[in-house]
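Visitor: I am new to this structure and would like to know how its descriptive words are earned. Could you take me through them with care?

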Amino acid sequence: MSDRKYKFSWDLIGDIELGRPNLGPMTRIEVYRLMQFVFRDALESHYGTAQTDALFHEAGKLAGTAFYNKFCQGITDLNEFVRTLQEILRELGIGIMRVESADIEKGSFVITMSEDLDCSGLPELDYEVCVYDEGFIAGLMESFTGKKFKVKEVDCWCTGDRTCRFTAQAQETA
C-alpha cells in the first residue's frame, strides 16, 4: 500500500503549544474513551470482535514501538528502562506501571498498570478489555529486547480487579 494517507509519525500529533495555546495538552479521560469505544464499536460492527481486537493489538504495538523510539531509545539497562517508563507513563497520565517480576534471561515479566487510561473505573464486564495495552507493552518490550513478545492481560478492572496485570513472555524464533 504505497498511497497510505496516515502512516504514523510523531509529526501527525502536531505542535500542541501552537494549536492549543489556551487549552494546552490535557483533556478528560471521557473524551479519550469516547473515541476508543466508538472506534471499537464501528470496527466490530464491520469486522467482528476477533478482527477488532487484532487491529487494536496491532495499533497498540505500533504505539508501543513509537513510544519506545521517542522516549526510551538507547536505554540498555532494564532498571533504567523501567524507571524511565514509570516516570513518563505517570507524567502523561497513561497509568501507574509496576514490574512485579522480571527475568530478563528467560524473557518473562509480570507488569501491572494501575489507574489505567483504558479501563480503570469501567463497569465489570466479565472479560478483559485492554487489548490495545497488550500490544503497547509488546511493542515496548520488543523494542527494548529485540525479541518478539506475547503479552496477555490476566487481571483487569473489568473482571473485578483494581489493577490491570499483564504477563509478557519472549517468544522463541524459528
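Guide: Let us begin with a term: a residue is called buried under 20% relative accessible area, exposed over 50%, and partly exposed in between, using a 1.4 Å probe and protein chains only. This is a predicted model, in which local features need pLDDT of at least 70 and side-chain atom pairs count only at pLDDT 80 or more, while totals for chains, interfaces and linings use all residues. Residues are numbered from 1 along each chain as its sequence is written, and side-chain values use heavy atoms, with hydrogens and water left out.

Visitor: Why is phenylalanine 81 called buried?

Guide: Its relative accessible area is 1%, and the limit for the word is under 20%, so phenylalanine 81 counts as buried. Phenylalanine 144, at 13%, is buried as well.

Visitor: What makes phenylalanine 81 and phenylalanine 144 a stacked pair?

Guide: Rings of Phe, Tyr and Trp (its six-membered ring) pair if their centres lie within 6.5 Å, and planes under 30 degrees apart count as stacked, over 60 as edge-to-face and the rest as tilted. Here the centres are 4.2 Å apart with 5 degrees between the planes, which fits the stacked class. Phenylalanine 81 lies in helix α4 and phenylalanine 144 in helix α5, so the pair ties together parts that are 63 residues apart in sequence; helices (H or I, at least four residues) and strands (E, at least two) are DSSP runs, numbered from the N terminus.

Visitor: Why is the pair of tryptophan 10 and phenylalanine 71 given the name it has?

Guide: Their ring centres are 6.0 Å apart and their planes stand at 85 degrees, so the pair is edge-to-face. Tryptophan 10, at 32% relative accessible area, is partly exposed, and phenylalanine 71, at 31%, is partly exposed too.

Visitor: How do you know that the charged end of lysine 70 sits over the ring of tryptophan 10?

Guide: The term requires NZ of Lys or CZ of Arg to be within 6 Å of the ring centre and within 35 degrees of the ring normal. The charged end of lysine 70 is 5.4 Å from the centre of the tryptophan 10 ring and is placed over that ring. The charged end of arginine 162 likewise sits over the ring of tryptophan 157, 4.0 Å from its centre.

Visitor: What makes β1 and β2 paired strands?

Guide: Two strands pair if DSSP finds at least two bridges between them, and β1 and β2 have 7 bridges in the antiparallel sense.
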